[in-house]
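I opened the model to look up two things. The first was the protein surface at a DNA strand, and the second was the cysteines.

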2 protein chains.
Amino acid sequence: MNAPVRKPKSAAGTRSDSVYAGLRRAIIEQALMPGDKLTEDVIGDRFGVSRTIVRTALARLHAEGLVDMQPNKGATIAQPSLSEAQDVFETRMCLERQVLVRLAEKVTNADIERLQQHVDLETKANAHDGPAAIRLAGEFHILLASLSGNGVLARYVDEVVSRCSLILALYSRPHSSDCSINEHQQIIDALRVRNSQAAIDAMDHHLKAVTDRALLSSNSDKHRDIRSILDRYAS
Amino acid sequence: MNAPVRKPKSAAGTRSDSVYAGLRRAIIEQALMPGDKLTEDVIGDRFGVSRTIVRTALARLHAEGLVDMQPNKGATIAQPSLSEAQDVFETRMCLERQVLVRLAEKVTNADIERLQQHVDLETKANAHDGPAAIRLAGEFHILLASLSGNGVLARYVDEVVSRCSLILALYSRPHSSDCSINEHQQIIDALRVRNSQAAIDAMDHHLKAVTDRALLSSNSDKHRDIRSILDRYAS
DNA sequence: GGGTGATAATTTGTATACATTTATGCATAC
DNA sequence: GTATGCATAAATGTATACAAATTATCACCC
């Protein structure tokens, strides 16, 4: 019976930030699945904080579309409808195109080196660590966006990419990373020669492929125990 | 000495929603100006709620970029830097273009009628109600986005439009609505004939004009009394 | 007059208490 | 066996209490 102990608390920041980050990672790595109940007391116990803190974190995740909240009934991991999913993908494509427009005109060799290193990391993780591979695939897009130098754009990309994890968890086959590393490589290659149109085309192709890979078998295993899952994320 | 009384509470929803909405409106109508301190107790008194509720509302406004928060030092109305301002405008243009792409292919006559009514409203307000005119000008863009049918896109447009209010409060002359109603009319006219390119061109022109109108005189009157301002927004 | 430091008053961060709402369990009835 | 109600437990919404941090006040000194 997992003991409700507080972990030694590694990274600081305000406490709610670390709860937020932990939950977010659990969602993105698909450890917490759409529909899972997020009881405030349970989360508070696992992270060693009060409900006040948990509530702040949940509200933030709700604002980002990662958790659903019903008045007096609490929070659950969001279950985006197909229509919402389409909206997310459309918006994501719009945003990521703009990222590439910006990047093509301002990307440095150092930036490209960083991107390349990330893809190499993805390749390694893809072999043996499923959850990390999922997360890294998303983080490639987030890295791209942050290199664009536009913080607002980067934040929105971050959000839609996270929500895509959720969507893929719902509509795609489980634990496939859904981002072909080869497609990421093509984007880097286009950026390396500052060919913005080629980069955008590669991104369009990539995102369309991800979208298509969705809409497959939905996996639903019930009776999931949030306690044991959260132990791994209450860092 | 303004009495700290709770108002009769009109619109429901959760309590923090109404605090959020009230503060947001005060910011958008430029009643609260960039840099103004947002003391939790003061806001709580004005809205008749506890700090818990205020805190939730402030956190949400912070996530949307409308208020700055420093650890242990509380919240102030955000003061976007010029660089942030450029990021917001760039992102806004990207998003609103997509809105028009969608609208040009799916807009109904009823939608156009609603848009026209809104612009008529703007015209009326422009004559005598300064703050309302500012708000209505922004709401035209929000209405456009919501008619696009893409909720995600609409939420992001909502956010960047709000932040533009803040930016114009900082960098433009005070209390000018900054949205020429004529330019809104041109966008409607283009949509009426389903000419997406003309609509996008009109929007580009409009947003460029708004951007240009910024970067003018910065107004800074200090010693503002939040209490008296909030009385009008604690509905 | 203007700087300096100790002290008091605010203000924030977090936990806890309590009321209200929702979910659960169990006995009874059909 | 399934359904209905009530009693109980659990979870949420909000306010409040208290510690820690910040800011303001003011006497003191140069």
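I began with the polar contacts (pairs of N or O atoms within 3.5 Å). A polar side-chain atom of S50(A) sits 2.7 Å from a phosphate oxygen of DNA strand C. E40(B) uses a backbone N or O atom, 3.3 Å from a phosphate oxygen of DNA strand C. For R51(B), a polar side-chain atom lies 2.8 Å from a base nitrogen of DNA strand C.

I noted the ground rules. This is a predicted model, where local features need pLDDT of at least 70, side-chain atom pairs count only at pLDDT 80 or more, and totals for chains, interfaces and linings use all residues. Residues are numbered from 1 along each chain as written, chains are lettered from A and ligands numbered from 1 in written order, and side-chain values use heavy atoms, without hydrogens and water.

Next I listed the residues near DNA strand C (a heavy atom within 4 Å). Of the 18 around the strand, S50(A), T52(A), K73(A), R51(B) and R55(B) come nearest. Sugar and phosphate make up 66% of the atoms of DNA strand C within 4 Å of the protein.

Then I checked the cysteines. I found zero disulfides over all chains, taking a disulfide as two cysteine sulfur atoms within 2.5 Å. Why is C94(B) in no such bond? Its closest cysteine sulfur, in C94(A), is 3.5 Å away, which is too far for a bond. C94(A) is buried (under 20% relative accessible area, 1.4 Å probe, protein chains only), at 6%. C94(B) is also buried, with a relative accessible area of 6%.

Key:
Polar contact = N/O pair within 3.5 Å; in protein donor to acceptor, adjacent residues only side chain to side chain. Buried < 20%, exposed > 50% of the residue type's maximum accessible area, 1.4 Å probe, protein only.
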